[in-house]
Every structure is written in C-alpha cells, then in structure tokens.
Amino acid sequence: QTVSVQERLGLPPELPNPIVNKALHEVRRVINGIIATHGKLDTIRIEMARDLEMNTKRYKAHAKQQKENEQANNKAVEAYQQISIEQPKLALSKYPSRDQKIRCRLWKDQGCCCVYSGQQISLGLLFSAAVEGDHILPYSQSLDDSYMNKVVCIAKENQIKGNRTPIDAFGGDNDKWEQISQRISRWSRGFSSKRERFYRTEQDMSERDFIASQLNDTRYICTETGEYLKVLGADVIFTRG
C-alpha cells in the first residue's frame with residue numbers, strides 16, 4: 001500500500017481505546033516538535049512490549065481468525081439484507097454499518113436469543129429499539145470494545161444489568177443465573193474467552209486486570225504508532241522492550 005509522505009504528522013485516527021488515542025496525540029506533539037527543531041527524520045525506533053511480535057504459529061492463527069471474521073461479516077450482510085426485504089417498515093439502508101454487521105453476527109452466535117433472558121429475538125426485533133448491544137464487562141471499567149466482550153440482549157434486561165458484570169447483576173438470582181450459564185455453555189469452544197467474562201466480578205476486574213490491561217494498551221499503542229508514523233517516510237524500527 002502506497003503512503004503519501006508528509007512533512008509533519010497530522011491528526012491521528014480516532015480509535016475506540018481512549019488511552020491509545022491520548023498516546024497518539026502525545027506522539028504527534030513530540031515528533032512534530034523534534035522535526036521543528038532538527039528537521040526531517042530518517043529513522044524512528046519504537047520500543048515495544050515483549051510479545052508484540054508474532055511467531056509463525058501465532059501469525060497463522062491470526063490469519064485464520066481474520067478469514068473467519070471476513071466470512072462471518074459476509075454472512076451478516078446477507079442476513080441484514082434479508083431483514084431489510086422482509087421488514088420494510090424498519091426502513092433499513094441498503095448496506096449495513098459496522099455496528100449492524102456486528103449485531104447480526106452476535107445474534108447468530110447466541111442462537112437468535114437474548115443471552116440474559118433467553119427470549120427469542122426475531123428478525124423484525126433485532127434492529128428495533130427493543131434490542132440493544134451490551135458490553136459484557138462494562139466498557140467504562142474494562143475499556144474492552146472487542147467482539148468477545150459484546151452481546152445483544154433485550155433492552156429491559158440491559159437496563160437491569162446496568163453498569164455491572166453479568167454475575168454481579170444476575171448472580172443473586174440462582175435460577176436466572178443457572179439459565180444464563182446453560183445458554184452460554186452451548187456456545188462453541190471458540191467463545192471460551194467470552195464465556196469467562198460472564199463469571200468475572202467487578203472486584204476480579206480491579207484485582208486482575210490492571211497489569212494485563214496496561215500491557216495490552218502498550219502493545220496496541222506500539223502497533224498504531226508504527227502505522228501512524230509511516231506517513232513521514234522514515235524507517236520505523238521496532239525493538240523489544
């Protein structure tokens with residue numbers, strides 16, 4: 001892919017992680033300051049988190065996952081277009097947005113039902129106000145906007161859950177929690193990390209996630225910084241942290 005070389009860094013891309021966004025703005029401030037003082041940069045060295053680099057096995061797994069995601073997105077587009085034909089009252093656009101494709105995928109993955117109540121979600125209901133997307137671990141606490149941290153659910157159930165983890169919100173009702181546990185146990189093995197999120201309390205998050213989240217943010221920052229700096233035309237070199 002050809003990149004148009006620039007003299008200075010423009011505004012960085014807006015990403016879903018606010019910590020990474022802040023870091024990229026700081027990178028822009030520092031790099032543009034160096035250029036103003038010393039002129040064009042020939043080489044930029046980025047020290048990255050230790051396991052950012054992919055070995056062959058991880059790369060193949062990543063490529064496989066990317067292919068599966070592409071196939072899932074294509075199926076989501078087909079489902080969306082079927083809904084738009086069968087439910088003209090919804091007045092859906094011809095092509096789905098990214099969020100709409102994700103909603104279709106989540107709906108299929110969950111067996112077309114609300115993960116919290118078990119209520120079946122029809123095609124007509126899926127894009128109505130009665131159904132919402134939810135972050136399993138509250139985004140305000142986890143900053144996790146990944147696919148594995150998302151479900152679709154009946155809006156009323158989402159209101160009951162509020163800004164809590166599933167087990168904090170529903171674990172006090174033994175019957176309801178057993179039903180939720182049974183529903184997610186039927187998901188394929190590929191969703192093990194998503195299932196695990198259901199059993200994490202807010203206390204677990206505060207005790208276990210701080211170091212891991214900082215390392216993940218560091219890896220994310222390194223990756224996005226490398227892409228961001230390409231426009232300067234300098235050699236960008238990664239070294240192990």
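These exercises walk through a predicted model step by step, each with a worked solution.

Residues are numbered from 1 along each chain as its sequence is written, and side-chain values use heavy atoms, with hydrogens and water left out. Because the model is predicted, local features need pLDDT of at least 70 and side-chain atom pairs count only at pLDDT 80 or more, while totals for chains, interfaces and linings use all residues.

**Exercise 1. The overall plan**

Find how many helices and strands the protein has, and in what order they run.

Step 1. Take helices (H or I, at least four residues) and strands (E, at least two) as DSSP runs, numbered from the N terminus. The protein then has 10 helices and 4 strands.

Step 2. Starting at the N terminus, the order is α-β-α-α-α-β-α-β-α-α-α-α-α-β.

Step 3. Call a residue buried under 20% relative accessible area, exposed over 50% and partly exposed in between (1.4 Å probe, protein chains only). Of the 241 residues, 36% count as buried.

Step 4. Let a contact mean heavy atoms within 4.5 Å. Among contacts in the protein with a separation of 6 or more, 66% are between residues 24 or more positions apart.

**Exercise 2. The two sides of helix 1**

Compare the end-to-end span of helix 1 with its expected span, then work out which of its residues are buried and which are exposed.

Step 1. The expected span of a helix is 1.5 Å times one less than its number of residues. Helix 1 (residues 18-38) has 21 residues, so it should span 30 Å, and its end C-alpha atoms are indeed 30 Å apart.

Step 2. The buried residues of helix 1 are Val20, Asn21, Ala23, Leu24, Val27, Ile31, Asn32 and Ile35. They are on the same side of helix 1, because they cover an arc of only 160 degrees around the axis (the arc of the directions from the helix axis to the C-beta atoms).

Step 3. A general rule helps here: an α-helix has 3.6 residues a turn, so residues three or four places apart point the same way.

Step 4. Lys22, Arg29, Ala36 and Thr37 are exposed on the other side of helix 1.

Step 5. After helix 1 comes glycine 39, with a positive phi near 90 degrees.

**Exercise 3. Rings that meet**

Count the aromatic pairs and describe the geometry of two of them.

Step 1. Rings of Phe, Tyr and Trp (its six-membered ring) pair if their centres lie within 6.5 Å; planes under 30 degrees apart count as stacked, over 60 as edge-to-face and the rest as tilted. This rule gives 5 aromatic pairs.

Step 2. The ring centres of tyrosine 116 and phenylalanine 170 are 5.2 Å apart and the planes are at 35 degrees, so this pair is tilted. Tyrosine 116 is in the loop between helix 3 (98-109) and helix 4 (123-126), whereas phenylalanine 170 belongs to helix 7 (residues 166-170), so the pair ties together parts that are 54 residues apart in sequence. Tyrosine 116 and phenylalanine 170 are both buried.

Step 3. For tryptophan 187 and phenylalanine 198, the centres are 5.8 Å apart and the planes at 75 degrees, so the pair is edge-to-face. Tryptophan 187 is in the loop between helix 8 (174-185) and helix 9 (192-198), and phenylalanine 198 is in helix 9.

Step 4. Tryptophan 187 is buried at a relative accessible area of 10%, and phenylalanine 198 is buried at 0%.

Step 5. Put the rings together: Tyr116, Phe170, Trp187, Phe191 and Phe198 form one aromatic cluster.

Step 6. A charge sits over a ring if NZ of Lys or CZ of Arg is within 6 Å of the ring centre and within 35 degrees of the ring normal. The charged end of lysine 194 sits over the ring of tryptophan 187, 5.7 Å from its centre, and lysine 194 also lies over the face of tyrosine 147, at 4.8 Å from the ring centre.

**Exercise 4. A strand and its partner**

Find how strand 2 and strand 3 run, and how many bridges join them.

Step 1. Two strands pair if DSSP finds at least two bridges between them. Strand 2 (residues 131-135) and strand 3 run antiparallel, joined by 5 bridges.

Step 2. One bridge partnership is that of histidine 135 with lysine 150 in strand 3.

Step 3. In strand 3 (residues 150-154), 5 of the 5 residues are buried.

**Exercise 5. Far in sequence**

Locate isoleucine 44 and list what it touches.

Step 1. Isoleucine 44 is in strand 1 (residues 43-48) and is buried, at 8% relative accessibility.

Step 2. Isoleucine 44 and valine 236 are 192 residues apart in sequence, yet 4.8 Å apart in space, C-alpha to C-alpha.

Step 3. Not counting residues up to four places away in sequence, isoleucine 44 touches Leu229, Leu232, Ala234, Asp235, Val236 and Ile237.
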